[in-house]
Amino acid sequence: MFLLAGGAARAAVVGPSVYKAFEKSSEVRVVVSYDPGVPFDFSTPAAKAIFDAAVNLIDNDILARFLPSEFSLLRRFVSVNALVGTISMAGLLHLQNDPRILRIDVDKGGRAHLVEARALARIDPVLSVGFTGRGVTVAILDSGLDEQHPDLMNDIAGEQCFCSGNGGCCPNRQTSQSGPGAAADDNGHGTNVAGIVTSDGTIAPRGAAPDAKVVAVKVLAADSSFCCSSDIVAGLDWILNNRPDVNLVNMSLGTADLFSGPCDSSTSYTSSYATAINALRQRGTLVFASAGNNQAARAMAAPACVANVVSVGAVYDSDIGPETFGNVCTDQTTQADQVTCFSNSDTQTDLFAPGAITTSTGLGGSVSSYLGTSQASPLVAACAADILQAYPGTTPDALEAALKQSPTRVTDPKDGLSFPRLDCQAALSAAGPNLSYYTVTPCRLIDTRKANGPFGGPAFGTTTRMFQIGGNCGVPTTAKAILVNVAAINAAAAGEVVLYAGNMSLAPATKSISFNAGQVLSNNAVVGLATDGSGTMNALARFPNGSNQVNVAIDVYGYFDTP
Ligand SMILES: [Ca+2]
Ligand SMILES: [Ca+2]
């Protein structure tokens, strides 16, 4: 080996797995990561263009130096400083002395993070929050989804596949595929995960963000495995460069190899995950991944171990009796907020969420039940979608901080580490602005008897009415909520009045006042106004014993707005 003038030639770090693989084969599939020579800055289109140009240039230069027998290219990326291909020992010797090369490691694979399926219905506590992910797009890297499922078919915003196992495990039997049909699910895991996010609730239970759109990226084969981390990195690189609409990414999968602490520079493939994930975060896209189900203490799979991933472990949502998980472990007793015996955890694990057991959409338009950290991660991603609907400008840093704002912490007995457990209601509050209360001269907003006030009849019924609150009675259009006294007057039947923000697509389960037939009752209530700046409020009445109507008078006393 030559020594360069002015310093030692720095040989690339070749992972021990590479030499081990050469014992069995003359060619090894590797990820080669290299120094791009420019900053890892994706914060502006111009900075990203500089990075992408460097990647393209160095890719071409490295490839041009190989003999055809030394390296066979399998994948390259737009915005990730790595090459993927099969390399010979001659190619390895040639490459490792290129001073630009950082690491060469085997392109390690892994699996979906499921344990086994069970049939047990459960009620998703996030449903009661009221925000539904409208206007938010979640990319799901998984086995694809059932594109014809009645609960999913109206939610699909795009399909793509990167799947290299068995010479090509995309639906077209190739290693890549684009467009409709590219994410057809031949396993069922991805369909379950997609439903946890966005099921409409007609067949399977409603998802936690039922109005969110989904971009399905198939990266898992029919047996729910992935041969090669570079397929997942290719999916992230594709989202980064082709789907500016994607706000959130979920990966309920991980490598067989486990890592303690941040793995961003542990191997060439983890550094490739990290580059893509950091780039997505810089553009405003937050990435979620399951911690893995290996019963590991102080270790997680990749990509969960990448620092900028929001990594999620699994707790039980209730007492489901003793549970044995395949060959992994047994919990003799189970209860809500108990850390599952199978869930990995580490100092890098960000939070826990219910992942055992989750009934969701299944193949062939059916339902399926899975448990695992695979089910916990999309629940957190769906909660993030709901928060982004409420507060569209929330940055990834603020969103992650809000998701961790939970009154409940759980401790993993395996390693004594303590973590926040997702509380989507608390996260929604934490993501919101600090509001101040402002009084107005008491003012009648609505009187459906047409006595006075800006808004009159008809009496409230089961059809939603929208009122322009901002700009009336001294309430500014920027107001986020109003304090009102709502009176229900002499209805013919028992029922309740529901007041809620004008941009919410579904009325919440909570009510502002309930009443019996013939009663005149009033109640104070804080009512959220539309978060889109329109200052609107929706109102309807519900009657348990069929359709009816009720006269309502609403007086406003004050409003909540940013200081
Ligand atoms: Ca939906
Ligand atoms: Ca993290």
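Among contacts in the chain between residues at least 6 apart in sequence, what percentage join residues at least 24 apart? In this predicted model, the share is 75%. The chain holds 9 helices and 32 strands. Its radius of gyration is 27 Å, close to the 24 Å that the globule rule gives for 563 residues, so the chain is as compact as a globular protein of that length. The C-alpha trace spans about 95 × 55 × 45 Å along its principal axes. Of the 563 residues, 52% count as buried.

The domain assignment divides the chain into domain 1 (13-106), domain 2 (111-431) and domain 3 (436-561). The centres of domain 1 and domain 3, taken over C-alpha atoms, are separated by 62 Å.

Strand S2 (residues 27-34) is considered next. Of its 8 residues, 7 are buried, so S2 is largely enclosed by the rest of the structure. S2 pairs with strand S4 (residues 82-88) in the antiparallel sense, over 7 bridges. Within that pairing, Glu-27 stands opposite Ser-88 in S4. S2 also pairs with strand S5 (residues 101-106). This second pairing is antiparallel too and counts 5 bridges. Here Val-32 has Ile-104 of S5 as its bridge partner.

An open sheet of 3 strands follows the order S11-S6-S13, with antiparallel pairing. S11 and strand S13 (253-255) are its edge strands, and each pairs on one side only. Strand S6 (residues 110-112) is joined to S13 by 3 bridges, and the two run antiparallel. Ala-112 stands opposite Leu-253 in S13.

Both Ala-112 and Leu-253 are touched by Leu-220. Leu-220 lies in the loop between strand S10 (213-218) and strand S11 (225-226). Is this loop residue buried or exposed? Leu-220 counts as buried, because it has 28 C-beta neighbours inside 10 Å; the threshold for burial is 20 or more. Residues up to four places away in sequence are left out of its contact list. That list also includes Asp-142, Ser-143, Asn-187, His-189 and Gly-190. Ser-225 and Phe-226 are further contacts of Leu-220. Leu-220 and Leu-253 are 33 residues apart in sequence, and their C-alpha atoms are 8.7 Å apart in space.

Gly-158 sits in strand S8 (residues 156-162). This glycine has 22 C-beta neighbours inside 10 Å and therefore counts as buried. Apart from residues up to four places away in sequence, Gly-158 touches Val-215 and Arg-243. Gly-158 and Gly-457 are separated by 299 residues in sequence. In space, their C-alpha atoms are 44 Å apart.

The largest nonpolar core has 153 residues. Which residues have the most contacts inside this core? They are Val-197, Phe-288, Val-380, Cys-383, Ala-384 and Val-497. Helix H7 (residues 373-390) gives the most to the core, with 10 residues. Val-380 is in contact with Phe-288, when neighbours within four places in sequence are left aside. On the same basis, the contacts of Val-380 also include Val-310, Val-312, Leu-351 and Ala-353. Leu-403 and Leu-422 are in contact with Val-380 as well.

Another open sheet has 4 strands in the order S25-S32-S27-S30, with antiparallel pairing. Its edge strands are strand S25 (436-447) and strand S30 (520-528). Each edge strand pairs on one side only. Neighbouring strands of this sheet are turned by 20° against each other on average, direction ignored. Strand S27 (residues 481-489) pairs with S30 over 9 bridges, in the antiparallel sense. Ile-489 stands opposite Val-520 in S30.

Notes:
Residues are numbered from 1 along each chain as its sequence is written. Chains are lettered from A and ligands numbered from 1 in the order in which they are written. This is a predicted model: local features need pLDDT of at least 70, side-chain atom pairs count only at pLDDT 80 or more; totals for chains, interfaces and linings use all residues. The radius of gyration is taken over C-alpha atoms; the globule rule is 2.2 Å times the number of residues to the power 0.38. A residue is buried if 20 or more other C-beta atoms lie within 10 Å of its own, exposed if 12 or fewer, and partly exposed in between; C-beta atoms are placed from the backbone. Two residues are in contact if their C-beta atoms, placed from the backbone, lie within 7 Å. Domain bounds come from an automatic or database domain assignment. Two strands pair if DSSP finds at least two bridges between them. Axes are lines fitted to C-alpha atoms, for helices over the stretch in contact, and angles run from 0 to 180 degrees between N-to-C directions. A nonpolar core is a set of buried Ala, Val, Leu, Ile, Met, Phe, Trp, Tyr and Cys residues joined through C-beta atoms within 7 Å.
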